[in-house]
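Reader: Please take one part of this model and look at it closely, and then place that part within the rest of the chain. I would like the reasoning behind each assignment to be visible.

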Amino acid sequence: MEKDLSRRDFLKNAGLIGLGAGTLLSSVPWMSALAQENTSKTVGEKVRIGIIGPGSRGRFLMNFIKKNSKAEIVALCDIYQPSIDEALKIAPKAKVYDDYRKLLEDKNIDAVFITTPLYLHYPMAMDALDAGKDLYLEKSMAYNVAQCFDLYQKYKSTGRIFFVGQQRLFDPRYLKAMEMIHEGRFGEIQAVRTFWFRNGSWRNKVSDPSLERLRNWRLYKEYSRGLLTELGGHLLQVGTWAMQKLPEQVMGAGGITFWKDGREVWDNVSCIFSMDDGRRITYESVISNKFYGLEEQIMGNLGTVEPEKGMYYYESGTKDGSPAKPAPGFMQMMTDVQNRIFEKLPFAGTSWEPEVAKDVKGNYIMGEDYKITTDGTQEAINAFIESVITQKQPERIAEECYYASAMVLLGYDAVEQGKILTFPHEYRLNYLNHKHQAKQTL
Ligand SMILES: NC(=O)c1ccc[n+]([C@@H]2O[C@H](COP(=O)([O-])OP(=O)(O)OC[C@H]3O[C@@H](n4cnc5c(N)ncnc54)[C@H](O)[C@@H]3O)[C@@H](O)[C@H]2O)c1
C-alpha cells in the first residue's frame, strides 16, 4: 500500500496524474508501465532476478530492486570476491555463480541486470537475450556503434524486455521539463549545451597491482570509452529528447591534460553534435575542475531550462517571454558575480558590454517546495519489473537508449580519428528524423 502511494506521488509530481494520460503518455510512452491501471494488475507477482557484476552500480541498483515487492534477487555472478561478499549482504539468499553463462542457464531466473564494465556489455547482453532472459543493461549499451546496432536487432528478434540505464527518462524533473519544452513554453529549442565537470582522478585504490585493470577498467581503452560513455550519454539523451531530433554529424577533441597517471582515456573532452538544420547539442567534460558541475542547458528563443538544477528562465525575466531589454553593463556584472562567474570584478573593462541580462532567480520546474528524492533510478527499475511481469516492452525506451549510446560512441570515434563523422545510415533506426538504410553491397 505504502509503495502504491509513493508511486502515485511520483506520478503526481511528474505531472502524470491529472493531465489526462493521453497527452503525456504519448510523448513519454515508457511511463505507461507505471500507470496505476497497469501496476494494480500485477500485484502479487514476483520477478526472479540475477545480477551479473554486482560492483558499485550493481549493488546500488540491488538496493532499489529490494524496495520493490514484485521482485526478488535470486542469483549473483562476479569474478571479484569482494563484490560478491558485499552483494550477499544485500541479497543473502542469492545463489552465487562465477561464470555468467551458468547463471544464464538457470531456469529459475526471469530477468538479469548486467552491471559489468563496458566492454562486457555486448557479449553478456547478447547471451542473456539468447538465453530468453529479460534484460536491464547498464549504460552505455555497448563498446561501439556496430555492437549497439547488433544488440538492438537481437532485442527486436528475441522480443525480450530491454532497458538500458538511462534513468533521466524517469526523473520527475526531466519529465516535467520536457512536457513544458514540448508545449513550446521556451519557443523553439535552438541549442542544448551540456557539461559534466568533476574534480577527481576517477581511480580506485588498488592494493594488488594484478587487480589494476579489473578495478580501474574505466581508465583503459580496451574496456572503456571514457567520459563520453560514462557521463556523456546521459546528457546527450536529454538533448535529443528536448529537441525531438537526432543529430547527423559529430566532431570533437579530447586529451589527457591533468591526470597523467598512465590512463588511456581522455580526462578533458568536448563534442559538437549537429542537426541537419544547423542546430547543435554540445557536450563537455573536464575532471580536474568541478566549479560548473553538471547541467543540460536547453536553450529556446523564449527561455532556458536547466533540469538538473530544476530551474527554468524566461529570456526577459518576464512570464510571457516578451522581448528582453538590454541590460546595463553593471547589472550584468552583478548578475555574474552572484553566479560566481568572476573571482575579480572587471571594473575597468570598457570593452565589456553584455547585451542581455540573465534572470538570476528563475522558476522551479517542480515548484518551490519540491524536494529531490529520486533521480529516476527507482522508477526505471520499477518500470522494468512491471514490464517483465506484463511482458509488454514500453514504446520508445529501447530507441532512446540506443541513440544515447550510439551517438556518444560515434563522438568517441570522431575525437579518436580527428574527423567530422556522419551517423552511418546502416546503423540508423527508423526513429524520429532518422531512417535506416541497409549498407550498399558491391
Ligand atoms: N546509470 C548510471 O548512472 C550509472 C552510474 C554508474 C555506473 N554505471 C554503469 O554501470 C557499469 C558498472 O560500473 P561500476 O561503477 O559498477 O563498475 P565496478 O567496477 O564497480 O563494477 C563492475 C563489476 O563487474 C565485475 N566483473 C568484471 N568482469 C566480470 C565478469 N567477467 N563476470 C562477472 N562480473 C564481472 C567486477 O568484478 C565488478 O564487481 C558501467 O557500465 C557503468 O557505466 C551507470
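Author: What follows is a close look at helix α8 and its surroundings, with some other parts of the chain taken up afterwards.

The model is a predicted one, and its protein chain holds 14 helices and 15 strands. Of the 442 residues in the protein chain, 41% count as buried. Among contacts in the protein chain with a separation of 6 or more, 71% are made by residues 24 or more positions apart.

Helix α8 runs over residues 145–158. Its 14 residues, taken at 1.5 Å a residue, should span 20 Å, and because the C-alpha atoms at its ends are 20 Å apart, the expected span and the modelled one agree. The buried residues of α8 are V145, Q147, C148, F149, L151, Y152 and Y155. In an α-helix there are 3.6 residues a turn, so residues three or four places apart point the same way. The buried residues of α8 pack against three elements, namely α7, β6 (162–164) and α14 (397–417).

The contact with α7 can be described in some detail. Two packed helices are described by the angle between their axes and by the distance between those axes. For helix α7 (residues 121–130) and helix α8, the angle is about 10° and the axes lie 10 Å apart. Angles under 35 degrees count as roughly parallel, and α7 and α8 are therefore roughly parallel to each other. On the α7 side the contact is made by Y122, A125, M126, L129 and D130, which meet Q147, L151, K154, Y155 and T158 of α8. Sorted by character, the residues of this contact between α7 and α8 comprise six nonpolar, two polar and two charged. Q147, L151 and Y155, which take part in the contact with α7, are also listed among the buried residues of α8.

The stretches on either side of α8 have backbone features of their own. In the loop between β5 (134–137) and α8 lies S140, and the peptide bond that joins K139 and S140 is cis, with omega at about -5°. Just after α8 comes G159, which takes a positive phi of about 70°.

Helix α14, one of the elements against which the buried residues of α8 pack, can be treated in a similar way. At 1.5 Å a residue its 21 residues should span 30 Å, and the C-alpha atoms at its ends are 30 Å apart, which agrees. Of those 21 residues 16 are buried, so α14 is largely enclosed by the rest of the structure. α14 is followed by G418, whose phi is positive, near 65°. In the loop between α13 (377–390) and α14 lies Q391, which has a positive phi of about 60° although it is not a glycine. Because Q391 has 10 other C-beta atoms within 10 Å, it is exposed.

A residue from another loop, R225, also has a place in this account. R225 is in the loop between α10 (212–215) and α11 (227–243), and because it has 27 C-beta neighbours inside 10 Å it counts as buried. Leaving aside residues up to four places away in sequence, R225 touches L118, Y143, L409 and Y412. The C-alpha atoms of R225 and L118 are separated by 7.9 Å, although these residues are 107 residues apart along the chain.

Two further residues may be set beside these. E315, in the loop between β13 (311–314) and α12 (329–338), is buried, because 21 other C-beta atoms lie within 10 Å of its own. E315 and L302 are 13 residues apart in sequence, and their C-alpha atoms are 5.4 Å apart in space. L432 lies in the segment after β15 (421–422) and has a positive phi of about 50° although it is not a glycine. With 16 C-beta neighbours inside 10 Å, L432 counts as partly exposed.

Finally, there is the ligand. The ligand is surrounded by 23 residues, of which the closest are G53, G55, R57, Y80 and S83. Helix α4 (residues 56–66) gives the most to this shell, with three residues. By character, the residues of the shell divide into nine nonpolar, nine polar and five charged.

Note on methods. Residues numbered from 1 in each chain as written. Predicted model: local features only at pLDDT ≥ 70, side-chain atom pairs only at ≥ 80, totals over all residues. Near = placed C-beta within 6 Å. Helix = DSSP H or I, 4+ residues; strand = E, 2+ residues; numbered from the N terminus. Nonpolar A, V, L, I, M, F, W, Y, C, P; charged D, E, K, R; others polar. Axes fitted to C-alpha atoms, helices over the stretch in contact; angles between N-to-C directions. Parallel < 35°, antiparallel > 145°, perpendicular 65-115°, else oblique. Contact = placed C-beta atoms within 7 Å. Buried ≥ 20, exposed ≤ 12 C-beta atoms within 10 Å, placed from the backbone. Expected span 1.5 Å × (residues − 1).
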